[in-house]
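Got the viewer open? Let's take a short walk through this one, selecting as we go.

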Amino acid sequence: MADKKVTVLEVQQAKAEGRKLVMVTAYDYPLGLLAAEAGVDIVLVGDSLGMVVMGLEGTVEVTMEDMIHHTKAVVRGCKGPLIVGDMPFMSYNTSIREAIINAGRLVKEGGCEVIKLEGGVDFAPTGGAIVKAGIPVMGHIGLTPQTARSLGGFKIQGRDASAAKQIVDDARALEDAGVFSMILEAVPSPLGQLIAESVEVPVIGIGAGPEVDGQVLVFHDVVGLYDRFVPKFVKQYAKVRRVM
Ligand code: KIV
């Protein structure tokens with residue numbers, strides 16, 4: 001197991017060096033340990049825990065307390081990978097001041113190194129303010145599960161020219177605001193490639209095709225532990241639920 005911490009700088013350099021980034025979610029101590037042992041670059045304590053761990057319908061009900069609790073557990077087991085704490089819905093949406101306070105809580109109480117928040121042009125100022133406060137930020141554009149209802153459900157985004165242009169604009173706004181990388185979820189492969197080529201920071205895809213700078217998947221999907229809904233793009237390596 002590599003205990004040497006992956007840094008934000010190393011994540012940024014990976015793109016310049018043409019090395020693809022590997023990222024997976026984890027929600028507790030054993031998954032944190034496993035991800036570290038597997039040698040992934042980045043571990044996301046995702047608010048997807050609302051669905052795959054807490055049995056909720058979506059991520060909207062996940063709270064700061066839920067995120068801090070699970071982040072603490074992952075941090076105890078996960079020594080090498082860069083750990084990203086996910087900002088839950090409404091923890092950064094009401095004001096920049098509240099966003100900075102909650103990002104600070106996730107880092108200070110949860111113990112993660114960086115935070116992630118959903119949103120493009122509209123949330124770039126919030127992301128930029130958190131970066132200025134001293135916390136590195138990962139963006140999340142394309143399909144943003146916290147606001148999936150406004151996007152018409154869990155659907156592929158950026159299918160027509162104007163929707164695709166909006167996502168390119170989102171990526172550029174986040175880069176200008178100072179994020180060190182971003183997640184791009186559920187867009188057609190050519191758009192994934194275009195966005196990865198449009199910004200210098202790494203674009204880590206989930207259902208965004210192979211031509212991005214890395215891939216992220218939800219742990220429970222990868223090992224077949226959650227069967228209520230498995231997105232088409234998921235590569236499932238095992239059927240752990242059946243074994244258990
Ligand atoms: O919460 C999460 O697991 C995520 C991934 C889908 C990227 O945001």
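A quick bit of vocabulary first: a molecule counts as sitting in a pocket if more than half of its atoms lie within 2 Å of the pocket's grid points. By that rule, the ligand here sits in the largest pocket. Keep in mind that you're looking at a predicted model.

**Stop 1: the shell.** Select the ligand, then add its surroundings: Thr25, Leu44, Gly46, Asp47, Ser48, Asp86, Lys116, His140, Glu185, Ile206 and Val218. Colour them by class and you'll get 3 nonpolar, 4 polar and 4 charged residues.

**Stop 2: the polar contacts.** Now show side chains for three of these residues. Start with Asp47, where a side-chain N or O atom is 3.0 Å from an oxygen atom of the ligand. Next, click Lys116: an N or O atom of its side chain is 3.1 Å from a ligand oxygen. Then go to Asp86, which has a polar side-chain atom 3.2 Å from an oxygen atom of the ligand. Switch on a surface here: the ligand taken alone exposes 260 Å², and the protein buries 95% of that.

**Stop 3: a salt bridge.** The structure holds 10 of these. Pick Asp41 and Arg19, whose side chains meet at 3.3 Å, N to O. This pair links distant parts of the chain, 22 residues apart. Asp41 is in the loop between α2 (29-38) and β2 (42-45), while Arg19 is in the loop between α1 (8-16) and β1 (21-25).

Technical notes:
Residues are numbered from 1 along each chain as its sequence is written. This is a predicted model: local features need pLDDT of at least 70, side-chain atom pairs count only at pLDDT 80 or more; totals for chains, interfaces and linings use all residues. Side-chain values use heavy atoms; hydrogens and water are left out. A residue is near a molecule or strand if one of its heavy atoms lies within 4 Å of it. A polar contact is a pair of N or O atoms within 3.5 Å; within protein, one must be able to donate a hydrogen and the other to accept it, and residues adjacent in sequence count only if both atoms are side-chain atoms. Accessible areas come from the Shrake-Rupley method with a 1.4 Å probe; for residues, only the protein chains shown count as cover. On a 1 Å grid over the protein atoms alone, a cavity is a set of points where a 1.4 Å probe fits but cannot get out, and a pocket is an open set with protein on both sides within 12 Å along at least five of seven lines; lining residues have an atom within 4 Å of a point. Ala, Val, Leu, Ile, Met, Phe, Trp, Tyr, Cys and Pro count as nonpolar, Asp, Glu, Lys and Arg as charged, and the others, Gly among them, as polar. A salt bridge is a side-chain nitrogen of Lys or Arg within 4 Å of a carboxyl oxygen of Asp or Glu. Helices (H or I, at least four residues) and strands (E, at least two) are DSSP runs, numbered from the N terminus.
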